[in-house]
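Trainee: I've got a structure open and I'd like to talk through its aromatic rings. Can we go through them together?

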Amino acid sequence: MASWFYASEGKQQGPFPEGQFRDLIAQGVVRPDTLVWTEGMAGWQKAAEIPGLVGGGAPPMIPAGGPPTMGGRGNGGAAGGSLSVDFGILEFTWRSIVMLIGMCFVIPAPWVFVWYTKWIVPCVKVPGRPNLSFTGNAMALVPWFFGFIVLAIAIGFIGSQLLSNLLFLVQIVLYWLLIKWIVANLASNGQPLGISFTGSVWAYVGWNLLFAISIITIVGWAWVAAAQMRWFCRSIEGTRREIVFKGSGLEILWRGIVAAILFSLIIPIPWVYRWIMNWFASQTELAPRGSL
């Protein structure tokens, strides 16, 4: 479903789902002479100029800017709001099964992972960033992935416990590199967002070790997960808007317990996964820097 933006006093408002946007039209918030924009439009237009949107006309009005800023370092829009996630259960199920099979066969893993990421990223809706996409190429993963596989096989033949522990740390470092690569390859309307993940590798290793230790406490992992999410959001730079995670450890804990119970039943997994993703997205907000 399309998302709409409108201009009010020179500021961008939105995005709004089409149903909510038409309610704004009915309430008179969006008038025939109001500048509006949605995906697929080259620039702002008066609402009256969009066929079927509103009736009537209005005198010409000079746009107070342009279409919502789509890319470029430091050019993020000022609009705030929470993220959201939306995908079809059937499509999620068959794509997840294909990815799982591809991972089991090992060799197709980089290509299957990128294929899956290119699908799931557009399912995330970010205020002021229409048509979110992922532009990474699987060949960028090939040296990391197969290099790790060769290293793991070699250490397996050697049989050293110390080297096995070091391999675990190498795996964490590779996940850190993967996060940096994914964030750097995010785009909106085909234009790179110009954002980056600046969290240090040592901090990432520390958070993962702390999370592993917190499992022993049975419940403490949820508070560590919430703190790690806040650190992750603070570590994304390249936009004027702050990314803030507001979820609490208690909220993560009870949802984690419910998810674990339902996951054991197998069939509800797609619905539970979407529920969890939607909650994390709803707790991740964008706000002008310094406003919080």
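Trainee: Let's start with F280: is this residue buried, partly exposed or exposed?

Mentor: Keep in mind that this is a predicted model. The relative accessibility of F280 is 26%. Buried needs a value under 20% and exposed one over 50%, so F280 counts as partly exposed.

Trainee: And its partner F245, buried or exposed?

Mentor: F245 comes out at 4% relative accessibility. The cut-off for buried is under 20%, so F245 is buried.

Trainee: How are the rings of F245 and F280 arranged: stacked, tilted or edge-to-face?

Mentor: Their centres are 5.8 Å apart, and the angle between the planes is 15°. Planes under 30 degrees apart count as stacked. F245 sits in strand β13 and F280 in helix α9, 35 residues apart, so this pair links distant parts of the chain. The arrangement of F245 and F280 is stacked.

Trainee: How many aromatic pairs are there by this rule?

Mentor: Centres have to lie within 6.5 Å for rings to pair. Counted that way, the model has 19 aromatic pairs.

Trainee: What about F87 and Y273, are they stacked, tilted or edge-to-face?

Mentor: Ring centres here are 6.4 Å apart, with the planes at 40°. That angle is neither under 30 nor over 60 degrees, so the F87 and Y273 pair is tilted.

Trainee: How many residues apart in sequence are the parts that F87 and Y273 tie together?

Mentor: F87 lies in the loop between β6 and α2, whereas Y273 belongs to helix α9. F87 is buried at 4% relative accessible area, and Y273 is partly exposed at 31%. The parts they tie together are separated in sequence by 186 residues.

Trainee: Which residues do ring pairs link into a cluster?

Mentor: F87 and Y273, the tilted pair, both belong to it. The cluster linked by ring pairs is F87, F92, Y116, W119 and Y273.

Terms used. Residues numbered from 1 in each chain as written. Predicted model: local features only at pLDDT ≥ 70, side-chain atom pairs only at ≥ 80, totals over all residues. Heavy atoms only, no water. Phe/Tyr/Trp six-rings, centres within 6.5 Å; stacked < 30°, edge-to-face > 60°. Helix = DSSP H or I, 4+ residues; strand = E, 2+ residues; numbered from the N terminus. Buried < 20%, exposed > 50% of the residue type's maximum accessible area, 1.4 Å probe, protein only.
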